[in-house]
Amino acid sequence: MNELPVSGDIYTHGHHESVLRSHASRTAGNSAAYLIPHLTHGRSVLDVGSGPGTITADFARLVAPGAVVGLDRSPEVVAAATALAREQHLSNLNFDTGDVYALEFSDDSFDVVHAHQVLQHLTDPVAALVEMRRVAKPGGIVAVRDADFHGMSWYPELPELDEWMELYQQVARHNQAEPDAGRRLLSWALAAGLSDVAPSSANWLYATVEQRAWLAGVWADRTVGSAFAEQAVAYGLANTETLERIAAGWRAWGASEDGWFLMPNGEIIARA
């Protein structure tokens with residue numbers, strides 16, 4: 001999962017409760033379906049940026065008895081993910097802190113190396129892919145999936161959500177990150193020397209009453225209370241009034257009976 005910032009890179013989202021609430025909703029089924037056919041029993045998996053560990057836990061069930069390792073930068077998030085693995089009795093799953101630019105594993109260690117919503121937060125995604133390739137076994141898989149923010153679309157077309165998009169782009173780019181990562185995955189994979197690259201895409205759609213309420217609540221909270229909000233103010237890009245207005249726009253969208261929000265994701269499966 002889930003959006004691991006590494007080395008000196010600044011993580012745009014941070015680990016506010018609203019962010020972890022969002023990440024904990026992710027499963028292999030709704031966030032890594034493109035990879036599931038490759039997760040056969042006995043394969044070893046490294047999940048870079050595993051966050052609260054919900055996707056990683058699914059991987060562990062799919063490849064058991066193969067070993068699965070999840071890495072995240074935050075010790076607190078790693079501790080929560082470790083507790084999840086213990087609660088679910090996943091003896092083949094371990095979590096630890098780590099840095100995708102300097103993975104503490106030998107060359108050719110894993111059958112599958114995966115990162116979900118990670119590259120968009122990095123200042124050097126190609127270097128990260130080179131390192132992921134290093135620890136993948138010859139012929140093994142490097143799999144990544146990232147959202148494409150400028151590819152997102154919504155209805156009703158509320159000005160507050162336009163303002164949110166512009167602000168998010170400004171904050172992420174101030175952090176020298178690439179919020180439109182999805183469309184760049186193929187280019188980055190080729191630059192990293194990966195071969196046999198299979199690109200794909202998949203959407204998250206929020207259009208039911210329950211989905212709208214959940215997404216609107218998450219982003220309204222993130223807009224006023226997460227690291228994104230703190231950075232927006234610190235960088236002089238927004239003030240409290242701006243953030244409150246955008247949060248209210250999210251809540252208004254969530255209350256729209258015809259509300260629709262589409263989040264596209266780029267995906268690649270490549271060979272090491």
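In strand 4 (residues 110-116), V112 is the bridge partner of V45. Strands here, like helices, are DSSP runs numbered from the N terminus (E, at least two residues, for strands; H or I, at least four, for helices). The model is a predicted one, in which local features need pLDDT of at least 70 and side-chain atom pairs count only at pLDDT 80 or more, while totals for chains, interfaces and linings use all residues. Residues are numbered from 1 along each chain as its sequence is written, and side-chain values use heavy atoms, with hydrogens and water left out.

A good place to start is strand 1. Strand 1 and strand 4 run parallel and are joined by four bridges; two strands pair if DSSP finds at least two bridges between them. Strand 2 (residues 68-72) also runs parallel to strand 1, again with four bridges, and here D47 stands opposite G70. Between strand 1 and strand 2 the chain passes through helix 3 (residues 54-63), making a right-handed β-α-β crossover. Right-handed means that, with the strands pointing away from the viewer, the path from the first strand over the helix to the second runs clockwise. Strand 1 itself (residues 45-48) is covered on both faces, with V45 and D47 buried on one side and L46 and V48 buried on the other. Buried means under 20% relative accessible area, exposed over 50%, and partly exposed in between (1.4 Å probe, protein chains only).

Strand 2 has a further neighbour in N94, a residue of strand 3 (residues 93-97). N94 touches V68, V69 and G70, leaving aside residues up to four places away in sequence; contact means heavy atoms within 4.5 Å. The C-alpha atoms of N94 and A229 are separated by 32 Å, with their positions 135 residues apart along the chain.

Aromatic residues come next, with 17 aromatic pairs in the structure. Rings of Phe, Tyr and Trp (its six-membered ring) pair if their centres lie within 6.5 Å, and planes under 30 degrees apart count as stacked, over 60 as edge-to-face and the rest as tilted. F149 and Y168 are stacked, because their ring centres are 4.2 Å apart and their planes at 5°. F149 belongs to the loop between strand 5 (136-147) and strand 6 (153-155) and Y168 to helix 6 (residues 159-174), so this pair ties together parts 19 residues apart in sequence. F149 is buried at 5% relative accessibility, and Y168 is buried at 1%. W154 and W164 make an edge-to-face pair, because their centres are 6.2 Å apart and their planes at 70°. Both W154 and W164 are buried. These four residues belong to one aromatic cluster that also includes W219, F228, W250, W253 and F261. The charged end of R222 sits over the ring of W219, 4.2 Å from its centre; this requires NZ of Lys or CZ of Arg within 6 Å of the ring centre and within 35 degrees of the ring normal.

Nonpolar side chains tend to be buried together in soluble globular proteins. The largest nonpolar core has 29 residues, of which M152, W164, W250, W253 and F261 touch the most other members. Such a core is a set of buried Ala, Val, Leu, Ile, Met, Phe, Trp, Tyr and Cys residues joined through side-chain atoms within 4.5 Å. Helix 6 gives the most to this core, with seven residues. A second, separate core of 28 residues includes L71, A128, L129 and M132.
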